Amino acid sequence: MSLDPITMEVVLNRLVEIAAAMEHALYHSGYSPILRESQDGTAGLTDADGRIVIVSGGLQYHSLPYYHAVRGVLARYPAAALREGDTFIVNDPYKCGSPHVPDMVTVTPVFYRGEIIAFAVSVAHKADVGGLVPGSSGAGAREIFHDGLLLPPVRYWTAEGVNEAVEAIIRNNSRVPDVVIGDLRGQVGCTRLGAARLVALCDEYGVGTMRAVMSHLLSSTASRLRAELRHWPDASVDAEGFLDHDGADLEAPVRIHVVATKEGDRLTLDFSGSSGQTRGPVNCVSPAAQAMALLAVLAATDPTIPVNAGLVEAVHFVIPPGKVVSPQFPATLNHYFPTSHLVYSVVLAAVGQLNPDRAVAPSGLGTGAMAVGYPRARSGKPMVQYELMVTALGGTSRHDGASIVLPMNHFTPSTPVEVIETEYPVRVKRFDIWQDSAGAGQQRGGVGFVREYEFLDDCTLTVRTSNHRFGSWGLRGGKGSRTSRTVVNPDSPKSEELGPLRTLQLTAGTVVRLQQSGGAGYGAPFERPVELVREDVQNGYVSIRAAAEEYGVIIAPHTGEVDAESTRAHRIRGGSR
Amino acid sequence: MVGIDTGGTFTDIVAMEVRTGSFRISKVPSVPQDPSTAVMNALGELLGVGVRPDEVSFLSHGTTVATNAILEGKGVRAGLLITKGFRAVYEARGWSRPSAVDLIDPFYQKPPLLVPQKLTEEIEERVDFAGEVVTPLNEDDVRRAVRRLQAQDVEAVAVCYLFSFANSAHEERTAEIIRREAPRWRVSLSSRVLPVIREYPRLSTTVLDAYVGPIIGRYVSRLADRIIEQKVRTPQVYLMQSNGGLMRITVAAHFPNQTLLSGPAAGVVAGTELARVTGESHVVTFDMGGTSTDLSLIIEGRTQETSEGRIAGQDIGTLMLEVRTLGAGGGTIAWIGKDGLLKVGPQSAGADPGPACYGRGGQDPTVTDANLLLGYLSPESLLGGKMRVDPTLARDAVKRRIGDPLGLNVTEAAAGIIRIVNTHMEISLRRALQERGQDPRKYALIAFGGAGPLHAGCLAAALSIPRVLVPVHPGITSALGLLQTHVKHSYLQSSVGLLSRFPVARMSTLFAQLEARAVQEAQEEGFPATAIRLTRQVDLRYLHQGYQLSVDCPARTLADTDKSALKQAFDRLHDRLYGQSAPAEDAELVTFRVLAEIPVPRAVLPELPPRDGTPDRALVGERRIFDLEKGQFVAARVYDRTRLAPRDVLAGPAVIEQFDSTTMLLARQEARVDRFGNLMIHTGGAGYTGGAG
């Protein structure tokens with residue numbers, strides 16, 4: 001069906017509206033702090049084949065998992081067995097492509113005059129679905145069964161209402177059942193809202209028009225990406241990065257390696273050189289890894305290209321099974337997040353060589369999360385405090401990187417200190433900028449942060465960050481950033497450095513300090529204007545010592561003034577002392 | 001009574017003669033370098049036509065001075081005092097919601113800090129969630145900080161400590177020390193500016209107060225002096241606030257954040273007043289001007305408020321009227337996207353060069369150009385013919401930039417531009433209605449601004465809104481709103497706890513404290529305590545939810561039975577907004593609110609006499625306009641608005657022209673002139689019937 005460009009644009013906007021309305025419903029009826037403060041969830045629409053058309057919400061990399069979730073439902077329930085009013089849920093990553101077990105997916109088929117025309121889908125993180133530790137994602141996991149309750153695609157809701165049996169099973173498997181069920185119902189509600197709205201849109205414009213617009217959205221994304229790729233030189237480049245370890249074999253770094261080959265209007269990303277799947281939980285299922293890689297490709301081309309299944313048509317993946325980015329059942333996955341972030345950073349480093357105008361220095365590595373299980377929160381009930389741990393963006397050709405932000409998906413999920421202390425028996429002692437955490441450069445990285453907690457009650461802490469050993473790398477003469485670290489009882493005789501991945505029981509009074517890396521630098525630090533370095537020192541982003549050592553700018557400690565002469569001499573000598 | 005509304009291009013003045021209800025309107029160019037000059041020019045224009053200064057009994061003013069200071073980054077050099085160890089609260093900006101593109105663009109940047117880290121001082125002190133002091137205030141830290149900031153030439157300072165909403169003693173003591181050590185500084189305390197939970201929005205709001213406070217202070221004191229120089233001696237001189245109320249100019253320097261949205265707020269006020277006199281309980285105000293459209297809901301006669309405002313990326317938690325602004329106005333540009341589809345906005349050609357048809361060198365086709373080509377606007381109709389436009393320039397721009405590349409003729413391209421800009425407005429309005437759980441079929445659309453009455457018929461029909469009200473003077477409706485409201489101040493205090501366990505005595509005490517402050521400040525503002533009307537609200541949420549809803553609370557000593565009534569009201573509201581509620585679960589109290597209203601003189605819309613004869617007395621001709629539904633030009637009658645009178649009934653398709661706007665009446669729509677001279681259009685309610693989801 002061929003349509004005029006005006007009707008297309010009108011209906012396209014209406015599809016965006018539906019996804020936005022779904023997202024609003026998801027976030028505004030959710031119960032858990034993860035949904036409300038971290039916005040760790042998305043909602044959107046796929047076509048009748050499950051290809052993602054539009055995704056709304058913080059984490060755009062949910063795009064490909066939508067497809068696998070729909071296919072997972074259809075594999076268990078043939079299309080003919082689906083009925084109007086059904087909503088399915090699934091969280092087994094091997095059956096739905098979602099990144100890890102706490103991410104539950106709801107799938108509502110959209111019927112129009114008896115025919116399935118689309119699926120309304122939502123992915124959102126759950127506070128706890130059982131497993132080894134509060135929050136479900138334990139450092140000690142060695143197989144997927146340790147990660148919590150695994151639901152295959154099951155019918156959770158019908159036209160008659162909720163399936164009490166399924167809900168009872170979920171309740172029975174969570175440490176915080178009310179919160180999980182509250183959020184899950186919000187997810188169900190938002191997909192049913194999306195389905196109803198899509199049906200109304202078909203009533204208004206006709207189902208043929210709606211299908212044509214969906215297909216135009218996918219083909220436009222594919223053709224725009226191909227057009228961008230045509231401008232790149234035909235070449236093959238590679239990049240690599242490392243995780244410190246997998247949480248199980250503490251001496252073995254985990255390698256992510258990609259070869260990016262561009263020919264004509266086609267890009268191939270080959271991950272064959274990456275490490276094999278791991279015993280510990282850093283594995284990242286292939287649909288999720290591919291989605292991260294595609295986001296990196298968009299970042300290096302044109303981020304105004306809409307994220308949808310059209311991306312897959314322009315990029316070809318080579319990922320042999322059994323790699324850390326293509327683990328096979330029953331490998332554990334709960335700590336996929338830093339792996340996915342490293343996949344993104346490595347792909348961005350590779351394709352940046354093919355399109356230098358959009359190359360940026362990498363963000364600080366070591367994103368992840370922290371979960372604390374309290375037997376008694378302030379409400380008297382058991383509760384899980386969950387916070388995303390972000391880093392900062394790398395410098396660019398135009399400006400310094402953004403500070404304290406989630407890389408890949410640039411939102412800032414910092415739960416207010418005042419909310420945390422009101423809900424949980426904990427005192428936040430510091431939430432500070434981390435001096436010298438940013439990689440030096442003509443444009444430096446964004447600044448990282450320090451967050452310090454004093455736990456006022458016994459609790460179970462799981463920290464899941466990464467890259468305390470292998471940090472980010474600079475670009476075009478810029479420097480890598482300082483690596484993240486986590487210390488228990490800092491500045492005391494009992495001080496202990498934790499690895500990036502640990503679960504431990506804490507007694508009341510224990511202090512834990514997390515330092516999260518800044519972004520890497522872009523361009524030679526000695527090229528950074530002296531005045532900007534002086535300002536960085538005044539702002540506390542850079543120490544006087546680092547100003548001299550990294551930037552060759554000599555500042556008098558007492559006056560704060562730049563010693564212009566020694567600076568000039570120092571910079572000419574190239575910083576050797 | 002005089003209202004003066006400063007906008008980016010023009011300063012509008014409305015003067016109403018109280019006895020007769022007759023009013024005059026006029027526009028003078030704004031003077032961005034010294035906005036008070038434009039205000040005085042506007043006033044001078046009025047005094048120049050025979051109004052005596054002592055006849056000005058009431059003067060109300062809407063200003064963009066503070067807004068512009070933020071947009072242009074030209075606030076004052078301010079310092080910030082924070083709890084030691086928490087520099088990342090401001091640096092992180094934990095509320096930021098990047099656009100869909102920024103979300104995945106590695107070139108993403110956060111908005112600039114209005115107070116840089118080098119002017120931020122850490123103070124040893126700490127209060128816990130219950131308001132108990134954990135670490136006493138280190139007063140030497142405060143003195144050292146003041147000395148360092150003195151060396152940096154700041155002229156204002158913001159103080160935002162953790163949990164100061166629960167216990168403000170440390171902030172109050174800090175202010176005392178600052179006033180002694182640096183008496184000339186303006187001091188903003190977060191526990192005064194916004195005493196609610198969540199440190200980042202409170203901090204950002206307090207910083208804004210410090211950043212623009214001295215600028216508003218200087219502006220209002222200069223303005224007050226100049227008004228007196230003009231021998232206007234009335235004490236009734238007010239500024240419009242973002243909350244839709246007035247404040248006396250003498251206290252405006254204390255509430256700079258309240259001026260940030262005064263322009264759009266005045267439009268909402270005017271809409272509220274129109275809704276009241278015409279008996280409409282559910283209304284959308286639709287203000288479409290040259291560069292943007294403002295939409296706001298009035299539900300059951302009440303304006304809606306938000307505490308999640310944002311100006312140029314700066315977050316502001318001060319309560320303000322909830323107004324959705326989108327880049328859709330007469331000057332909004334049409335272009336072809338990289339996906340090959342026609343896009344409209346959000347960029348605007350502004351006033352200069354403006355739409356292509358203005359002939360000021362604008363090459364981009366705009367919404368106004370499309371309206372001209374479709375016959376909705378006539379070349380002679382803009383500003384009563386004062387402004388000439390050239391349809392051939394509009395045609396060339398639409399053909400070259402849109403029609404030819406897309407293979408459409410000029411009419412198809414122009415119709416496409418209108419359909420798409422209408423779609424943007426339709427979506428924005430539908431989202432506003434649905435997020436508040438509202439059924440559009442209960443609503444009337446009040447259309448004003450230069451372009452509002454032109455697009456309102458389509459917008460209402462698309463949303464199944466049955467009625468459109470076009471006020472007598474759509475172009476100056478916002479300025480009229482300056483004369484149609486009360487003095488209003490909100491007082492907030494967070495105190496978090498389970499409703500079931502929260503002692504009612506403490507609830508009553510918290511309200512009493514807020515009310516005492518309201519009464520005291522009203523007296524300082526020059527009003528007798530007896531003039532104040534106080535209303536109470538509490539913000540509630542289900543335990544662990546992130547969003548709270550406001551529920552009315554009785555104004556008396558509270559009893560335990562009131563708590564269950566509050567809970568039931570909250571359950572009902574939650575059910576209406578989100579389609580679900582949990583009556584069996586406990587609710588959590590988050591914030592207590594007191595709203596103080598003080599009546600001041602208000603302009604009353606005059607009723608007009610009916611005239612003899614039929615509406616044909618206003619008929620000035622006929623022209624061909626494009627019917628979007630039929631896809632062809634149809635004949636439409638053209639009326640002169642000034643010659644219409646109450647009880648006239650017009651049938652569409654028709655065009656009704658007046659000095660400051662043009663109203664479109666679509667086929668099958670009917671307009672009646674009411675006793676005030678407003679046009680009430682019955683839309684027939686065709687179109688989208690999705691309801692309120």
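Contact here means heavy atoms within 4.5 Å. Keep that in mind for the exercises below, which work through a predicted model.

**Exercise 1. Find out which residues pack around B:Pro471, leaving aside its neighbours within four places in sequence, and say where this proline sits.**

Step 1: locate the residue. B:Pro471 belongs to the loop of chain B that runs between β24 (467–470) and α13 (477–481).

Step 2: check its exposure. The cut-off for buried is under 20% relative accessible area. B:Pro471 comes out at 4%, so it counts as buried.

Step 3: list the partners. With neighbours within four places in sequence set aside, B:Pro471 touches B:Leu274, B:Ile446, B:Ala447, B:Phe448, B:Thr477, B:Arg641 and B:Asn678.

Step 4: pick one pair and look at the spacing. B:Ile446 is 25 residues from B:Pro471 in sequence, and their C-alpha atoms are 7.6 Å apart.

**Exercise 2. Decide how the radius of gyration of chain B compares with what the globule rule gives for its 693 residues, then describe the rest of the chain.**

Step 1: count the elements. Chain B has 15 helices and 35 strands.

Step 2: compare the radii. The chain has a radius of gyration of 26 Å and the globule rule gives 26 Å for 693 residues, so chain B is as compact as a globular protein of that length.

Step 3: get the extents. Along the principal axes, the C-alpha atoms of chain B fill a box of roughly 80 × 65 × 55 Å.

Step 4: look inside and outside. Of the 693 residues in chain B, 60% are buried. The accessible surface is about 26,000 Å², with 50% of it on carbon and sulfur atoms.

Step 5: ask how far contacts reach along the sequence. Take the chain B contacts between residues at least 6 apart: 68% of them join residues at least 24 apart.

Step 6: finish with charge. Chain B carries 77 positive and 77 negative charges, and the mean positions of the two sets are 1 Å apart.

**Exercise 3. Now do the job for chain A, with its 577 residues: what radius of gyration would a compact globule have, and what does the chain have?**

Step 1: elements again. Chain A is built with 14 helices and 20 strands.

Step 2: radii. A compact globule of 577 residues would have a radius of gyration near 25 Å, and the 24 Å of chain A agrees with that. Its C-alpha atoms fill a box of roughly 80 × 60 × 40 Å along the principal axes.

Step 3: burial and surface. Buried residues account for 68% of the 577 in chain A. About 17,800 Å² of surface is accessible, and carbon and sulfur atoms own 51% of that.

Step 4: contact reach. Among chain A contacts between residues at least 6 apart in sequence, 72% link residues at least 24 apart.

Step 5: charges. There are 51 positive and 60 negative charges in chain A, with mean positions 2 Å apart.

**Exercise 4. Work out how many disulfides the structure holds over all chains, and check A:Cys190.**

Step 1: recall the chemistry. A disulfide is a covalent bond between the sulfur atoms of two cysteines.

Step 2: set the cut-off and count. The two sulfur atoms must be within 2.5 Å. Over all chains, the count is zero.

Step 3: test one case. The nearest cysteine sulfur to A:Cys190 is that of A:Cys96, 16 Å away, and A:Cys190 is in no disulfide.

Step 4: look at exposure. A:Cys190 is buried, at 0% relative accessible area. A:Cys459 is buried too, at 3%.

**Exercise 5. Place the backbone oddities: the cis bonds before B:Pro346 and B:Pro653, and the positive phi at A:Ser136 and B:Arg93.**

Step 1: know the background. Most residues other than glycine have a negative phi, and most peptide bonds are trans.

Step 2: take the cis bonds. B:Gly345 and B:Pro346 are joined by one, with omega about 5 degrees; B:Pro346 is in strand β22 (residues 342–348) of chain B. Another runs from B:Gly652 to B:Pro653, omega near 0 degrees. B:Pro653 lies in the loop between β31 (649–651) and β32 (654–658) of chain B.

Step 3: take A:Ser136. Its phi is about 80 degrees, and its loop in chain A runs between β5 (115–125) and β6 (154–158). A:Ser136 is buried, at 0% relative accessibility.

Step 4: take B:Arg93. Here phi is about 50 degrees. The residue is in the chain B loop between α3 (88–92) and β6 (120–123), and B:Arg93 counts as buried at 1% relative accessibility.

Methods. Residues are numbered from 1 along each chain as its sequence is written. Chains are lettered from A and ligands numbered from 1 in the order in which they are written. This is a predicted model: local features need pLDDT of at least 70, side-chain atom pairs count only at pLDDT 80 or more; totals for chains, interfaces and linings use all residues. Side-chain values use heavy atoms; hydrogens and water are left out. Buried means under 20% relative accessible area, exposed over 50%, partly exposed in between (1.4 Å probe, protein chains only). Helices (H or I, at least four residues) and strands (E, at least two) are DSSP runs, numbered from the N terminus. The radius of gyration is taken over C-alpha atoms; the globule rule is 2.2 Å times the number of residues to the power 0.38. Accessible areas come from the Shrake-Rupley method with a 1.4 Å probe; for residues, only the protein chains shown count as cover. Lys and Arg count as positive and Asp and Glu as negative; His and the chain ends are not counted. The place of a charge is taken as NZ of Lys, CZ of Arg, CG of Asp or CD of Glu.
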